[in-house]
Amino acid sequence: MREYNTLQWENTNGIAKITLNRPDAANSVNLEMAQELMHVAMVCDEDSSIRAVILTATGNMFCAGGDVPSFLAAGDDVGLLLKDVTACLHSANARFARMAAPLIVAINGTAAGAGFSLAVSGDIVIAAEKAKFTMAYTGIGASPDGGSSVYLPRLIGLRRTQELMLTNRVLSAQEALDWGLLTKVVVTEELMSEAEALANKLASGPQMAHGQIKQLLLGSYSNSLETQLEIESRGIARCVSSPEGREGLLAFSEKRKPDFKSVK
């Protein structure tokens, strides 16, 4: 298994855990972290034994966004550097979105800039009550990356997205929940136990159906009605015809809980 310098990586009993690990730099995204996120996302997408993924961070911050000192150090090559960083980060975004395993983001502290973008990209997003959220990009004369221009309008609508991106308004965890950015807010000390319990529940569920749900929702804003209905039809037929589907039908008829993880 590859060793990472900016991330911690675990894969146990079908649950992968990715931990941003640059606490001295507020877990900001430099080129190396972007590259490592891309690689670990490919691992999660490729390894069929991974049935749920948790993304979290060490220290008091979830992620402060881009690594500004490295951008400044790049001088006249900063544009090239940022294209490199975003190419890797966006590759990770795309694979997390399209992998079959649900992505649970457990936000332990402030999420700013690209950290905000990463935070809201999960399939389920849990935040500690102390967490705060701000776009922050225009504070350094930048525009958003990391998929926030896709996710935020879907989650909270255009007007609120405009306010967040243009004014850098800071949201508390409760405000982010009320706006629809989060799934749940928990006591800080319970964040990881909550995320792990949810990951265990999802990991015991039907992998193919979870992946199909993710694909359906990704296409729901861009596909025509007829296209989406056809994808739904093909998807449910494929799921129910699979070994997991047969186990689900049999378990229902036998009035027992399905055992999807044992199905090959």
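**View 1. Glu254 and its salt-bridge partner Arg256 are both partly exposed.** Glu254 has a relative accessible area of 44% and Arg256 one of 33%, where partly exposed lies between buried (under 20%) and exposed (over 50%), computed with a 1.4 Å probe and protein chains only. Their side chains meet at 2.6 Å, N to O, a salt bridge being a side-chain nitrogen of Lys or Arg within 4 Å of a carboxyl oxygen of Asp or Glu. The model is predicted, so that local features need pLDDT of at least 70 and side-chain atom pairs pLDDT 80 or more, whereas totals for chains, interfaces and linings use all residues. Residues are numbered from 1 along each chain as its sequence is written, and side-chain values use heavy atoms, with hydrogens and water left out.

**View 2. Lys214 and Asp123 form a salt bridge.** The N to O distance is 3.0 Å, and because Lys214 belongs to helix 9 (residues 207-219) while Asp123 lies in the loop between helix 4 (114-120) and strand 7 (124-128), the pair ties together parts 91 residues apart in sequence. Helices (H or I, at least four residues) and strands (E, at least two) are DSSP runs numbered from the N terminus. Lys214 is buried at 6% relative accessibility, whereas Asp123, at 38%, is partly exposed.

**View 3. Salt bridges link Glu163, Arg169 and Glu175 in a network.** Within this network, the side chains of Glu175 and Arg169 meet at 3.7 Å, N to O; Glu175 is partly exposed at 29% relative accessibility, and Arg169 is likewise partly exposed at 29%.
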